[in-house]
Amino acid sequence: MIYNKRLVLAHFWLAFAVFGAAILLGEWQMFIRSPLHGWLRNADLYYRSVTAHGTVMGYVFPTLVAMGFGYAFSELALRQPLIGTRWAWAGFYLIIVGTLGAAIPVGLGLDSVLYTFYPPMVGHASYYIGVVLVVVGSWIWVALMGVNLYAWKRAHRGAPVPLAMFATVAGAYLWAWTAVGAALELLFQLIPVALGWSSSINAGLARVLFSWTLHAIVYFWLMPAYIAFYTIVPRAIGGRLYSDTMARISFALFLVFAMPIGIHHLFADPQVGAGFKFLHSVFTAMVSVPTLLTVFTICASVEIASRLRGGKGAFGWVKALPWDNPQMLALALSFVMLGFGGAGGLINMSYQLNSTIHNTQWVTAHFHLIFAGAIVIMYFAIAYDLWPHLTGRAMGSLRLIRTQLWLWFIGMIVLTFPWHYAGLLGMPRRMAFYDYTAPGGDTEALTVIMSVVGGAILVVSAAIFLTVLWRNHRAPQIAPEPYTFSKPVHEPANLPWALNGLGLWVGLMIALTLTNYGFPIAQLMRLHEAQVPAVYVGGKP
Amino acid sequence: MVQPASELHGSADVAARIERRWGFAMLGIVSVLVAITIFMGLSTAMMPPSRVETIDPTTLHVSGEFAEANLGSVYEPDGSVTVHVIGQQYSFTPQCIVVPAETPVTFRVTSADVIHGMLVTGTNINAMVEPGFIATFKTSFDAPGDHLMPCHEFCGTGHEGMWANVRVVDKNAFTRLTSHARRATCDL
Ligand SMILES: [Cu+2]
């Protein structure tokens with residue numbers, strides 16, 4: 001059972017509340033830059049909005065979901081109350097303080113630096129310090145996940161660590177290490193300049209440090225979704241997990257390969273040599289392996305569920321799946337978006353193809369499909385699965401839940417497919433307005449109008465999601481069945497040392513990061529000529 | 001998974017074997033993708049900007065290769081063309097770049113203030129323009145025509161107004177342009 005229900009609910013509700021606000025900003029941005037109106041031409045408002053939308057959706061929302069999910073799953077998987085509840089609340093309040101500290105200067109227009117920071121443009125220090133506090137709050141969670149697993153292992157010597165906890169801790173450690181890159185940039189480069197202690201900054205180095213965080217952060221967002229694939233969905237649809245071992249291998253591989261590949265974001269940058277770009281491209285190809293393993297294992301698990309229900313034939317079993325089950329639906333829609341988004345990702349990482357689409361609307365389309373599409377739809381599924389256990393009340397209309405999931409899928413496709421096309425036409429991302437009268441501009445205008453429609457569908461879907469959760473708090477009380485995780489077809493009796501803990505994989509993660517990032521960072525740190533004057537946005541200290 | 005032999009049953013073996021096969025198939029696919037990347041990189045020399053070259057953005061206009069008189073396109077003794085461009089909030093200099101078709105062209109680009117980006121629509125020319133560093137890349141244009149060249153990296157509130165043009169002309173026209181001026185731009 002979940003012992004600290006209030007803690008988990010606090011994290012989820014704050015996460016979904018800021019998500020609800022940020023999605024409105026996203027839709028407003030699409031409307032503002034569409035040709036649908038001729039008024040409100042204030043570019044600064046647009047970039048403030050992008051900064052807020054990105055900060056909330058990139059840092060605050062997924063971090064809170066991962067934390068709430070982690071607290072719930074560590075208690076459910078380890079069957080022990082969370083150790084360090086006070087620390088957990090302290091982390092939660094730090095995130096609130098950090099979010100407010102970051103949001104207020106953004107709202108006042110002192111920090112239109114976008115959420116990826118963009119030095120030598122430097123905003124108000126409060127924004128950067130706020131982001132640091134959010135990260136520090138989440139590091140408390142990382143430590144608590146490690147402490148709780150360690151306590152359990154001491155009490156259960158030699159027993160296999162539950163898969164749900166193995167994966168949760170893997171996600172926590174991945175986050176702890178990937179956040180270091182941005183933390184170094186913030187603490188040693190941006191904050192000193194924002195406070196006026198220094199007036200020059202190495203912008204090229206800042207981008208390299210940020211890329212350390214920028215890629216693996218997506219895998220941190222993705223962890224709860226993958227944990228749900230393995231440990232929630234097969235149980236919820238009456239199937240079995242095809243392989244517990246393969247699940248552990250996938251999570252271990254994410255830990256090792258998600259980290260040292262961020263320089264593929266800098267293929268077009270002049271401050272990184274071609275050798276390291278090539279190295280990161282090769283490693284990026286490797287990170288598709290755990291996803292390919294996951295797709296196989298989950299499809300096999302789903303097939304088992306169907307055959308148990310009487311599904312027959314080579315493909316006939318697909319029809320026999322419980323399509324009215326929201327978990328089944330969420331999984332299927334998530335996989336479709338993961339397929340399109342993943343294919344786009346392989347194109348982005350391809351050393352040569354990347355130059356066609358780098359920094360165009362294509363990239364926005366790609367990461368919205370992966371994160372807002374494949375991952376967030378599983379956040380919804382997680383909430384639907386956990387909510388009755390958190391509130392002790394019955395979940396209402398499944399039909400409404402299915403409608404919500406379908407609307408999210410349709411909205412995401414209508415939003416991102418035109419973006420891909422606009423990117424191929426060469427439309428840059430992150431622009432307040434476009435000149436639709438330029439040659440080819442009318443084609444681009446149509447893509448933006450379609451995205452406005454897609455965004456509107458997403459807003460409706462999000463509103464239904466929040467309504468369903470809210471209504472559950474007033475539903476009739478029930479005594480929910482004990483919470484269970486998917487059972488593997490073959491229960492692991494004992495596991496090799498490497499798959500029953502994360503020591504080996506964390507070691508590999510750190511070692512690979514140092515080899516793949518050490519030299520470029522050391523080289524750039526020695527380039528004093530690359531220190532350039534800071535350009536202050538908003539208020540200079 | 002290590003299990004005592006007595007606990008192994010047939011279906012576990014089958015499951016593990018199928019899984020292993022899938023694992024190797026996927027590794028094979030990824031290896032092929034990597035091999036293609038390596039082959040393309042070596043055989044067609046398709047490389048992204050590769051050198052780490054620094055420059056002081058505060059003295060660009062005073063002297064050196066990015067001084068105002070040196071911006072734009074010029075024929076090199078070997079018949080190739082070099083283009084020098086500066087990005088700054090919120091324009092490129094020169095604002096209109098003229099280059100010959102079917103000629104090797106080398107771009108040298110840097111920024112005078114913040115980070116900018118440039119892409120030439122309808123081509124795969126794409127580079128980050130960063131203060132303190134020079135982005136160098138080689139290309140060639142197949143046919144005469146006009147291309148847009150937006151700044152693709154957020155560089156401040158005027159970012160959306162930062163566009164340049166690239167005009168590709170045939171070789172003879174370009175030779176005529178450069179015969180009476182050392183540097184060619186299509187700014188009027
Ligand atoms: Cu710019």
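Analyst: Angles between helices run from 0 to 180 degrees between N-to-C directions, and the axes are lines fitted to C-alpha atoms, over the stretch in contact. With that in hand, let us look at this structure, which is a predicted model.

User: What scores does the model have, ipTM and pTM?

Analyst: The ipTM is 0.85 and the pTM is 0.92. For chain B, the mean pLDDT is 84, with 89% of the residues at 70 or more.

User: Where in chain B does pLDDT stay under 50?

Analyst: That happens over residues 1-8 of chain B. The model has 13 contacts beyond four places in sequence for those residues.

User: Why are α11(A) and α13(A) called roughly antiparallel?

Analyst: Start with the angle. Helix α11 (residues 326-349) and helix α13 (residues 361-391) of chain A pack at about 160 degrees, and their axes lie 8 Å apart. Roughly antiparallel is the name for angles over 145 degrees. The value for this pair is therefore one that earns the name. The crossing of α11(A) and α13(A) is left-handed, and the residues of this contact include 15 nonpolar, nine polar and one charged.

User: How do you know how α1(A) and α15(A) are directed relative to each other?

Analyst: The same kind of check works here. Helix α1 (residues 5-32) and helix α15 (residues 441-472) of chain A pack at an angle of about 160 degrees, their axes being 9 Å apart. Set against the cut-off of 145 degrees, that makes α1(A) roughly antiparallel to α15(A). The crossing of α1(A) and α15(A) is left-handed.

User: Which residues of α1(A) and α15(A) meet?

Analyst: Among them are A:Trp13, A:Phe16 and A:Phe19 in α1(A), and A:Val448, A:Ser451 and A:Val452 in α15(A). By class, the contact has 17 nonpolar, three polar and one charged residues.

User: What makes α9(A) and α16(A) fit one of the named classes of angle?

Analyst: The axes of helix α9 (residues 274-286) and helix α16 (residues 503-525) of chain A cross at roughly 155 degrees and come within 10 Å. With the boundary at 145 degrees, α9(A) and α16(A) are therefore roughly antiparallel to each other. The crossing in which α9(A) passes α16(A) is left-handed. A:Phe276, A:Leu279, A:His280 and A:Phe283 in α9(A) meet residues of α16(A) that include A:Leu512 and A:Tyr517. Seven nonpolar, three polar and no charged residues make up this contact.

User: How do you know that β4(B) and β10(B) pair?

Analyst: Two strands pair if there are at least two bridges between them. Strand β4 (residues 96-100) and strand β10 (residues 163-169) of chain B have five bridges, in the parallel sense. B:Val99 stands opposite B:Val168, and B:Pro100 has B:Val169 as its bridge partner in β10(B). On β9 (residues 145-150) of chain B, six bridges join it to β10(B), and these strands run antiparallel. There, B:Met149 stands opposite B:Ala164.

User: Why is one side of β4 and of β9 of chain B left without a neighbour in the sheet?

Analyst: The open sheet of three strands has the order β4-β10-β9 in chain B, with mixed pairing. β4 and β9 stand at the edges, each with a single partner strand, so one side of each has no neighbour in the sheet. The twist averages 25 degrees from one strand to the next. Helix α2 (residues 171-179) of chain B packs on the sheet and touches β4 and β10, its direction making about 120 degrees with that of β4(B).

User: How many residues lie between β1(B) and β2(B) in their hairpin?

Analyst: There are five residues between them, and B:Gly79 in the turn has a positive phi of about 90 degrees. Four bridges join strand β1 (residues 72-75) to strand β2 (residues 81-88) of chain B, which run antiparallel.

User: What makes A:Arg79 worth a look for its phi?

Analyst: Most residues other than glycine have a negative phi, and most peptide bonds are trans. A:Arg79 has a positive phi of about 55 degrees although it is not a glycine. A:Arg79 is found in the loop between α2 (43-78) and α3 of chain A.

User: Which omega goes with the peptide bond from A:Pro119 to A:Pro120?

Analyst: Omega is near 10 degrees, and the bond is cis. Another cis peptide bond joins B:Gln89 and B:Tyr90, with omega about -10 degrees.

Note on methods. Residues are numbered from 1 along each chain as its sequence is written. Chains are lettered from A and ligands numbered from 1 in the order in which they are written. This is a predicted model: local features need pLDDT of at least 70, side-chain atom pairs count only at pLDDT 80 or more; totals for chains, interfaces and linings use all residues. Side-chain values use heavy atoms; hydrogens and water are left out. pLDDT is the predictor's confidence in each residue, from 0 to 100. Contact means heavy atoms within 4.5 Å. Helices (H or I, at least four residues) and strands (E, at least two) are DSSP runs, numbered from the N terminus. Angles under 35 degrees count as roughly parallel, over 145 as roughly antiparallel, 65 to 115 as roughly perpendicular and the rest as oblique. A crossing is left-handed if the near helix is turned anticlockwise from the far one by less than a right angle, and right-handed if clockwise. Ala, Val, Leu, Ile, Met, Phe, Trp, Tyr, Cys and Pro count as nonpolar, Asp, Glu, Lys and Arg as charged, and the others, Gly among them, as polar.
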